[in-house]
Amino acid sequence: MAINVAQLEQQVREMSTRDAPGRDFCNAIAELARSGRLGQLRGVLPVVVYDELRQRYGADPGAFIVGWERLAQDMRLGFIQHARQRLTRLTRMQRREEAHQTPAWQEIQRALDGQENELLRTAFALELLAMIEPAVSRGSYLRECLVGAGCSEEADRYLDEATRCYFLGLFTACAVMCRSVLEEAIKQNLPVSLARLVRTRYRNAATLGNLLHEVNNNLHITGIDPGFLRLANHVNDTGKKAVHQSLLSEEEARRCLESAREALALLLTV
């Protein structure tokens, strides 16, 4: 049965706005103020908070009630946006002066969210739902990586991570992991004498570029298909660009991943 991503996303949005942390809290304060029962909050809230609420209510009861009702509405309407902002704030650098500009209702949501983490749960749910269709499209470009001989578990995990990074739109990370899988696969498939030379010459820290240089100079003893070098050099160049120059586009990441997989097929022959 086909998954309707749009319907799932709408369901998440509806549940999130319905259960927005803090909305009921704000409505409750407005209702207590309207019915003259604000004193019931004494002993429930910290003394400083209660005293401030009482003073504001005493100054203008009508404005106090309207203000808390409006705050509840703002929480409901802004929950989805705030959920996404919450995730963004965890993944990017924040300037200190901007951190102090957070609206009061977001601070209340965050405080009330401390136990259940509904904001983060909603943010991740929406983020992952938005990734489904692009990931399906990217996956349709790939074919299985068929090899004639096995390699190490570590190489397989590198390839798995590189491919998943591509699916999820982490294009720069994808290229970096493509370099890692080729480094590992080459090390595992060098003749013993050449492997010993590489370990000594590069002090057990040979990069993919170092390994390709040694393979190119010793093709006669490695038995590696010369076509491997062209593909592997493309992966190495793309990976270096990712690390040292700029973020990669989806097309660059796809070509890098495809080159890595084709290179593995040539390297891991029977």
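Biologist: How much area does the protein chain expose, and what share of it do carbon and sulfur atoms supply?
Modeller: In this predicted model, the protein chain exposes about 16,100 Å², and 52% of that area is supplied by carbon and sulfur atoms.

Biologist: And what percentage of the residues count as buried?
Modeller: The protein chain has 270 residues, of which 39% count as buried.

Biologist: What about secondary structure, how many helices and strands are there?
Modeller: The protein chain has 14 helices and zero strands, so that, read from the N terminus, every element in the run is α.

Biologist: Which share of the contacts with a separation of 6 or more comes from residues 24 or more positions apart?
Modeller: Such pairs account for 73% of those contacts in the protein chain.

Biologist: Switching to Arg254, where does it lie?
Modeller: Arg254 belongs to helix 14, which covers residues 250-267.

Biologist: Is Arg254 buried or exposed, and why?
Modeller: Arg254 is buried, because its relative accessible area is 16%, and the cut-off for buried is under 20%.

Biologist: Which residues is Arg254 in contact with, leaving aside neighbours within four places in sequence?
Modeller: Those are Tyr141 and Tyr166, while within helix 14 the side chain of Arg254 also makes a polar contact of 2.7 Å with the side chain of Glu251.

Biologist: Now the second largest pocket, what volume does it have?
Modeller: The volume of the second largest pocket is about 270 Å³.

Biologist: Which residues line it, and how many are nonpolar, polar or charged?
Modeller: The second largest pocket is lined by Arg92, Phe124, Glu127, Leu128, Met131, Leu168, Gly169 and Leu170, and by class this lining comprises five nonpolar, one polar and two charged residues.

Conventions: Residues are numbered from 1 along each chain as its sequence is written. This is a predicted model: local features need pLDDT of at least 70, side-chain atom pairs count only at pLDDT 80 or more; totals for chains, interfaces and linings use all residues. Side-chain values use heavy atoms; hydrogens and water are left out. Helices (H or I, at least four residues) and strands (E, at least two) are DSSP runs, numbered from the N terminus. Buried means under 20% relative accessible area, exposed over 50%, partly exposed in between (1.4 Å probe, protein chains only). Contact means heavy atoms within 4.5 Å. Accessible areas come from the Shrake-Rupley method with a 1.4 Å probe; for residues, only the protein chains shown count as cover. A polar contact is a pair of N or O atoms within 3.5 Å; within protein, one must be able to donate a hydrogen and the other to accept it, and residues adjacent in sequence count only if both atoms are side-chain atoms. On a 1 Å grid over the protein atoms alone, a cavity is a set of points where a 1.4 Å probe fits but cannot get out, and a pocket is an open set with protein on both sides within 12 Å along at least five of seven lines; lining residues have an atom within 4 Å of a point. Grid points are joined across faces, edges and corners, and a volume is the space filled by probe spheres set on the points. Ala, Val, Leu, Ile, Met, Phe, Trp, Tyr, Cys and Pro count as nonpolar, Asp, Glu, Lys and Arg as charged, and the others, Gly among them, as polar.
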